[in-house]
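Here is a walk through one protein chain for someone who has not met it before. Have a look at the picture, then read on.

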Amino acid sequence: MRDDFPRMVVETLGRRAGMRCSNPKCRQITSGPTEQPDKAINVGVAAHICAAASGGPRYDASMTAEQRSDIENGIWLCQKCGKMVDNDPVRYTVACLAEWKRRAEAEALAELESGRPITTASMINAAVVIQGQGAIQISGPNAVNIGPGGITIVGPVIRKD
Ligand SMILES: [Zn+2]
């Protein structure tokens, strides 16, 4: 007996996550067009936080069938991450997945409200991160050198408070 999600729950989970995988290190887009103009590709899955059936990953015997198939027990992931979290439930705990879901939905809302893509710390792989308006001012043509090793400050650094 599997407590699968109703179709509406699957659709809503994906849309609440902005149709991106909720794993903060992945954030893979999960839908797009096919060559057929009337069809779309979906590589997302509505994964169970606590397994839909006895013996599955993170199965919680104390839950009712309704709780298992409720949207609260679902998380939107890409197919790869869906398999990953189910193959290693010791690493990917209920608390971990609940946190991924909370963050993914918060980021989707922030992106929706601001109209700009949200970059989180876990998505950044850069030598220099500039945060906030007016965080860095470059004045004069010889203030910085941009080379293969990154950015070097050449001129004097003035800190404004
Ligand atoms: Zn993923």
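In what order do the elements of the chain run from the N terminus on? They go α-β-β-β-α-β-α-α-β-β. That makes four helices and six strands. Keep in mind that this is a predicted model.

A couple of chain-wide numbers help to set the scene. Of the 161 residues in the chain, 22% are buried. Now take the contacts between residues at least 6 apart in sequence: 59% of them join residues at least 24 apart.

**The core**

The largest nonpolar core holds 20 residues, and those with the most contacts inside it are Ala46, Ala47, Ile75, Trp76, Leu77, Val85 and Leu97. Four elements give two or more residues each to this core: β3 (44–48), β4 (74–78), α3 (79–87) and α4 (94–114). Strand β4 supplies the largest share, four residues.

Let's zoom in on Trp76, one of the residues with the most contacts inside the core. Leaving out residues up to four places away in sequence, Trp76 touches Leu13, Gly14, Ala17, Ser22, Gly44 and Ala46.

Gly74 is another resident of strand β4. Is Gly74 buried or exposed? Gly74 counts as buried, because it has 25 C-beta neighbours inside 10 Å and 20 or more is enough for that label. Setting aside neighbours within four places in sequence, its contacts are Phe5, Val9, Leu13, Ala46, Ala47, His48 and Ile49. Take Ala46 from that list: Gly74 and Ala46 are 28 residues apart along the chain, yet their C-alpha atoms are separated by 6.0 Å.

**Two helices, each with a buried side**

Start with α3, where Cys81, Gly82 and Val85 are buried. These residues cover an arc of only 105 degrees around the axis, so they sit on the same side of α3. And what covers them? The cover for the buried residues of α3 includes β3, β4 and α4.

Then there is α4, which has 21 residues. From its first C-alpha to its last, α4 reaches 30 Å, close to the 30 Å expected at 1.5 Å a residue. Its buried residues are Leu97, Trp100, Lys101, Ala104 and Glu107. Why do we find them on the same side of α4? Because they cover an arc of only 135 degrees around the axis. On the other side of α4 you'll find Ala95, Arg102, Ala106, Glu113 and Ser114, which are exposed. The buried residues of α4 pack against β4 and α3.

What happens just after α4? There, Gly115 takes a positive phi of about 75 degrees. A little further on is Pro117, in the loop between α4 and β5. Pro117 counts as exposed, because it has 9 C-beta neighbours inside 10 Å and the label applies at 12 or fewer. Looking back to the helix, Pro117 and Glu107 are 10 residues apart in sequence, and their C-alpha atoms are 8.8 Å apart in space.

**Two unusual backbone angles**

Most residues other than glycine have a negative phi. Met19, though, has a positive phi near 55 degrees, and Arg27 has a positive phi of about 50 degrees although it is not a glycine. Met19 is placed in the loop between α1 (7–16) and β1 (31–33), and the place of Arg27 is in the loop between α1 and β1. Here are the two with their surroundings:

| Residue | Phi | Other C-beta atoms within 10 Å | Burial |
|---|---|---|---|
| Met19 | near 55 degrees | 16 C-beta atoms | partly exposed |
| Arg27 | about 50 degrees | 20 C-beta atoms | buried |

Arg27 earns its buried label because 20 other C-beta atoms lie within 10 Å, and 20 or more is what that label takes.

**The hairpin**

Finally, which way do strands β5 and β6 run? They run antiparallel, with four bridges joining β5 (residues 144–147) to β6 (residues 150–153). As one example of the pairing, Asn145 stands opposite Thr152 in β6. How many residues does the hairpin use to join β5 to β6? It gets from β5 to β6 through two residues.

Methods. Residues are numbered from 1 along each chain as its sequence is written. This is a predicted model: local features need pLDDT of at least 70, side-chain atom pairs count only at pLDDT 80 or more; totals for chains, interfaces and linings use all residues. A nonpolar core is a set of buried Ala, Val, Leu, Ile, Met, Phe, Trp, Tyr and Cys residues joined through C-beta atoms within 7 Å. Two residues are in contact if their C-beta atoms, placed from the backbone, lie within 7 Å. The arc is that of the directions from the helix axis to the C-beta atoms. Two strands pair if DSSP finds at least two bridges between them. The expected span of a helix is 1.5 Å times one less than its number of residues.
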